[in-house]
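Trainee: I should like to understand how the descriptive terms for a protein model are justified. May we take them one by one?

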Amino acid sequence: MPTKATDKKPGRKLVIVESPAKSKTIAGYLGEGFEVTASMGHIRDLPQPSDLPAELKKTSVGKFAVDVDNDFEPYYVVSANKKKTVAELKAALKGAEALYLATDGDREGEAIAWHLLEVLKPKVPVYRLTFPEITKEAIQRALLEMRELDTPMVDAQETRRILDRLYGYEISPVLWRKVARGLSAGRVQSVATRLVVERERERMAFRAASYWDLTGTFSPLSGGERQSFGAKLVSLDGARVATGKDFTDLGELKSSTVARLDAETAESLATELQTSEFAVRSVDTKPYTRRPAAPFTTSTLQQEAARKLRFSSRVTMQVAQRLYENGYITYMRTDSPALSDQAVNAARRQASELYGAEYVPDARRVYKGKSKNAQEAHEAIRPAGDSFRTPAQVAGQLRGDEFRLYELIWKRTVASQMADAKGSTATLRLGALATGPDGKTRDAEFSASGTVITFRGFMAAYEEGKDASRNEQDTADDGGQGARLPNLTAGDKLGAEEVAAVGHETSPPPRYTEASLVKVLEELGIGRPSTYAATISTIMDRGYVRTRGQALVPSWIAFSVVRLLEEHFHDYVDYDFTAELEEDLDRIARGEAGRVDWLNHFYYGDRKVTGLHTIVNDLGEIDARKINSIEIAEGITLRVGKFGPYLEKPLDPDAEEGTEPQRANVPEDLAPDELTVEKAIELMNSSGTEERVLGEDPETGRSIVARDGRYGPYVIELIPEVTEEELAKQPVEYYKNGKPKPPKKPVKEKPRTGSLFASMSLETVTLEDALKLMNLPRVLGTDEDKEITVQNGRFGPYLKKGTDSRSIGSEEEIFTITLEQALEIYSQPKQRGGRVAAPPLAEFGDDPVSEKPVVVKDGRFGPYITDGVTNITVPRSMAIEELTREMALDLLAEKRAKGPAPKKKTASRAPAKRKVAARK
């Protein structure tokens, strides 16, 4: 419902924004005569092609809900869950003297405003109103700077929507046919997946190299200052000592001019140097200056929140959205690090008040974006207002994640206008001659460096985090790095308190984290930073990527998808090509290119460029088996199958017909780079096609064997094949003309099977156990003319009486529970799920809408949020620990807004005719 600044009166002005939270905040700042309401985001979109009217399904609109033969005209419909909202907006518009479209000032917001115009068809003056922050000052300025709708921006956003529909709907079906159902391809998500897969390929090809160096602890032998300091061996006999960066990913030295120490040499040298005379050879002192980081853009905010707050990109954007809508920060979707004059003045003034005038430079700092395809329509993300509220001042209103993110933004903004950190960096070179048992001497030179900060400057407020890098051990033990060194001059004598040999191994390229993936996507110019959170969530939800700690690990199915795209849709996962698409969309937004011409070029191509339509139609035959196969070792191939990845060995040429190849399941938690040759051989040796014969069933005489299957170990009875003699004994059937019919093979009997209990193993299961397992469910007796059985299920052992199921304690009870015990269980009130309800995973108090407690529970499909009326699954990309009350309430509100899921149509009933909104 609308949020009113005043009661309805003639001459009132209607303001439409996207969200209720934003409308509530704005209503508090507007003067008399304004009514503020929310559209709840987009009110219409492209429908699924299956939802198009029957008369359109066989036309050029039918495949994409876009008329590809008529200037790519989109067919929009008002979303089913937004019809009520549209009705309310139309009702609110009646009697209004003017309409103010105050959606966000980016392409998405401009498109929402355009859709509102198209659907509401107002007959009163319409004004476009945008503001970078929701404060009284910003809204008053915006009312003086109203403008027309930006048509090129709308065209760019519409082009992006149509482009993504063409890309996804043309390429995704190829993935369904050749890899697996339910997969999807996307302009940005496929490239992001490729980045993660390529990094894993690098890790799989990586071969570690070992190398050694020496570290030492030294102190001056004369003078008053006897401070000890650490140093590291950097050269031996004039040759630089090899470090991790001197090796290729195949473990080979890049240059023959460096000295690679082995364990024996390093330990011998350390022993010899322990008693050698060391002296300072040089002292080099340089001034140290460090500048503050620029204010946050969308990308850098996601990166830093991941590093310092351990937020996922999605959580960062959700929290930032709430801070913006409630007037605490400026708009959070921006590529610009620039600050307005008011913000610069506020930051400088606050830095001076909190830290002193000397912490503010004479000249204000000006920042410019460095990323490709940056859109700089907005300023940087900063605290809202012409004067900033300190974290202490908002501590009473903000809690948890909101407070932590606000504090991060505040610190970064204020620090960006503070003075440089100053100091000095000293580098010492010290050395000694080591004499070996053979009398030969070797010249060993060590290095130590230390930085002394004499003026902290911006570091008093904030210091930027860093991502993990390769071969960090080369700097982690760099003696005196970062420490104050004693005051020494060349020639000063030093004593070696300790000299130790240290072994290292080169490290593979680090996996991407959300922070580093966001960083590289922005550097490559792929997608928009405002969409990165959704992109990363999508590749996780699709099963392409999972997290291990903060690292992003690709699945084997992602390898298959990326391989197919690389081999058959190369341009569409090419980094430069994708960045050029983004630049083209920016050109449309600037009015430098036309929407229709560009879409024609992309989809149909021209003499120089092949369009997507032609590529898909001329694909030819794709070898699905090849696409889903990766050679792990000689004679061992990983295959991505319907039920997951598995290893397979080829059959011997002389194998009997019908023999199955040896296979082994790949553990789900095994990362691709951990499936080494040795691990593959181990898995094959521990699995294989061999089975353990347990004996014969005394009743049937059939063999009972234990096997390891894709869903775990199980037992099965072997049913012998029907022999020729048995077929010949079958009664002969005749056609109507009197000729005998060929003998039919009898319907194959389904063998009895049974999964092993968790307490059982292939090595220890007995024939007796197997017969019990195969004879489940076990009948206990009857009650009220209903049979009571006990069996094992997906969620554990349970009793069943008709439709009434009750869980029992353990799998072992399946064979021991009696009818009396079962009746006792059924005499008790039924608990949820047949067992005592587990305590909630999290509790968030009462929901303001339903006024019922909001909790997180563990369901059969994973954790979900519920108030007892509305349920919403916790997104796979979001950890339970990251959930806040505000996030839980937002997710429930979104689910309520969508309404109940539509019921599936049944074959027995003709579908009801439905009205569809008119085409644009």
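Mentor: We may. This is a predicted model, in which local features need pLDDT of at least 70 and side-chain atom pairs count only at pLDDT 80 or more, while totals for chains, interfaces and linings use all residues. Residues are numbered from 1 along each chain as its sequence is written, and side-chain values use heavy atoms, with hydrogens and water left out.

Trainee: Why are α18 and α19 called roughly antiparallel?

Mentor: The axes of α18 (residues 575-589) and α19 (residues 595-604) cross at roughly 160 degrees and come within 10 Å. Axes are lines fitted to C-alpha atoms, for helices over the stretch in contact, and angles run from 0 to 180 degrees between N-to-C directions. Angles under 35 degrees count as roughly parallel, over 145 as roughly antiparallel, 65 to 115 as roughly perpendicular and the rest as oblique. The two helices are therefore roughly antiparallel.

Trainee: Which residues make α18 and α19 meet?

Mentor: From α18 come L581, D584 and I588, and from α19 come R595, W598 and F602; contact means heavy atoms within 4.5 Å. By class, this contact has four nonpolar, no polar and two charged residues. Here Ala, Val, Leu, Ile, Met, Phe, Trp, Tyr, Cys and Pro count as nonpolar, Asp, Glu, Lys and Arg as charged, and the others, Gly among them, as polar.

Trainee: What makes α6 and α17 oblique to each other?

Mentor: The axes of α6 (residues 151-178) and α17 (residues 556-568) cross at roughly 125 degrees. That angle falls in none of the named ranges, and the pair is therefore oblique. The contact is made by I171, V174, L175 and K178 of α6 and V561, L564 and L565 of α17. These residues divide into six nonpolar, no polar and one charged.

Trainee: How do you know that β31 is an edge strand?

Mentor: The open sheet has the order β31-β32-β33-β34, with antiparallel pairing. Both β31 (842-846) and β34 (871-873) pair on one side only. Two strands pair if DSSP finds at least two bridges between them, and three bridges join β31 to β32 (residues 853-859). In one of them, A842 of β31 has V856 of β32 as its partner.

Trainee: Why is the aromatic pair of Y76 and W114 called edge-to-face?

Mentor: Rings of Phe, Tyr and Trp (its six-membered ring) pair if their centres lie within 6.5 Å; planes under 30 degrees apart count as stacked, over 60 as edge-to-face and the rest as tilted. For Y76 and W114 the values are 6.2 Å centre to centre and 70 degrees between the planes, hence edge-to-face.

Notes: Helices (H or I, at least four residues) and strands (E, at least two) are DSSP runs, numbered from the N terminus.
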